[in-house]
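Subject: Structure for your review

Dear colleague,

I am handing over the structure below, and I would be glad if you read the notes beneath it alongside the coordinates.

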Amino acid sequence: MRETMISTVPNALVSAAFVWLLFGGQATVSLWGMSGLAFDLVPTTFMLTLMTTIALTLIFRKRRRGTSRAGAPGSGGPLPLPHHPVLRGIVLAVLLSVLFVPASVAVLSAIWIEDWSYARVLWFKIVYGILVGWAATPLVVLAALRERG
């Protein structure tokens with residue numbers, strides 16, 4: 001729970017940065033097209049999950065090395081995820097992208113009436129980034145806790 005709450009702030013900030021980089025200077029943002037919100041959800045979801053996975057995996061491994069349990073096996077068997085932090089991040093990023101993006105686009109297209117203001121997109125993406133982090137963090141923590149020493 002602690003790591004999930006801690007990941008909230010960086011995910012919100014990274015999401016806001018993505019909005020500024022992609023949509024900065026635009027008065028409104030459309031849903032569709034290469035410069036639309038639906039397309040932007042793909043790199044946002046992928047990168048947030050990738051960064052969260054790499055950072056948390058490395059943090060947990062460092063913590064584990066600093067405790068007396070350093071050589072103790074993790075509880076239960078390992079999750080079917082790669083051991084390497086980057087590969088683990090890619091696998092989880094693809095998984096969450098496949099799950100989150102189509103569902104999010106479906107919801108957005110159902111409620112989308114007109115192009116959104118920059119401010120509305122900014123708030124949506126901040127909340128979206130937090131939710132992606134809340135989904136990714138427990139998976140990463142569980143995988144790290146179940147690793148063998």
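In which hand does H1 cross H2? The crossing of H1 with H2 is right-handed, where a crossing is called right-handed if the near helix is turned clockwise from the far one by less than a right angle, and left-handed if anticlockwise.

Before going further, please note that this is a predicted model, in which local features need pLDDT of at least 70 and side-chain atom pairs count only at pLDDT 80 or more, while totals for chains, interfaces and linings use all residues. Residues are numbered from 1 along each chain as its sequence is written, and side-chain values use heavy atoms, with hydrogens and water left out.

The protein chain has four helices and two strands, arranged along the sequence as α-β-α-α-β-α; these are DSSP runs numbered from the N terminus, with helices (H or I) of at least four residues and strands (E) of at least two. Of its 149 residues, 40% count as buried, a term that stands for under 20% relative accessible area, with exposed meaning over 50% and partly exposed lying in between (1.4 Å probe, protein chains only). Among the contacts (heavy atoms within 4.5 Å) with a separation of 6 or more, 86% join residues 24 or more positions apart.

To return to the first helix pair, H1 and H2 pack at an angle of about 145 degrees with their axes 10 Å apart, the axes being lines fitted to C-alpha atoms over the stretch in contact and the angles running from 0 to 180 degrees between N-to-C directions. By class, their contact has 11 nonpolar, four polar and four charged residues; here Ala, Val, Leu, Ile, Met, Phe, Trp, Tyr, Cys and Pro count as nonpolar, Asp, Glu, Lys and Arg as charged, and the others, Gly among them, as polar. Met-47 of H2 is one of the residues that meet H1, and because its relative accessibility is 31%, Met-47 counts as partly exposed. The C-alpha atom of Met-47 is separated by 9.0 Å from that of Ile-90, which is 43 residues away along the chain.

H3 and H4 also pack at an angle of about 145 degrees, with their axes 11 Å apart, and their crossing is right-handed. The residues of this contact divide into 15 nonpolar, one polar and one charged.

The largest nonpolar core (buried Ala, Val, Leu, Ile, Met, Phe, Trp, Tyr and Cys residues joined through side-chain atoms within 4.5 Å) holds 16 residues, of which Leu-37, Leu-108 and Val-121 touch the most other members. Two or more residues are given to this core by each of H1 (2-23), H2 (37-65), H3 (85-111) and H4 (118-145), and the largest share, four residues, comes from H2. Apart from this core lies another, of five residues, including Leu-56 and Val-140. Leu-108, leaving out residues up to four places away in sequence, touches Leu-31, Leu-37, Leu-41, Trp-116 and Phe-124.

Finally, Thr-137 is found in H4 and counts as buried because its relative accessibility is 1%. A polar atom of the Thr-137 side chain lies 2.7 Å from the backbone oxygen of Gly-133. Its neighbours within four places in sequence aside, Thr-137 is in contact with Glu-3, Thr-4, Ser-7, Thr-52 and Leu-56.

With best wishes

Conventions. A polar contact is a pair of N or O atoms within 3.5 Å; within protein, one must be able to donate a hydrogen and the other to accept it, and residues adjacent in sequence count only if both atoms are side-chain atoms.
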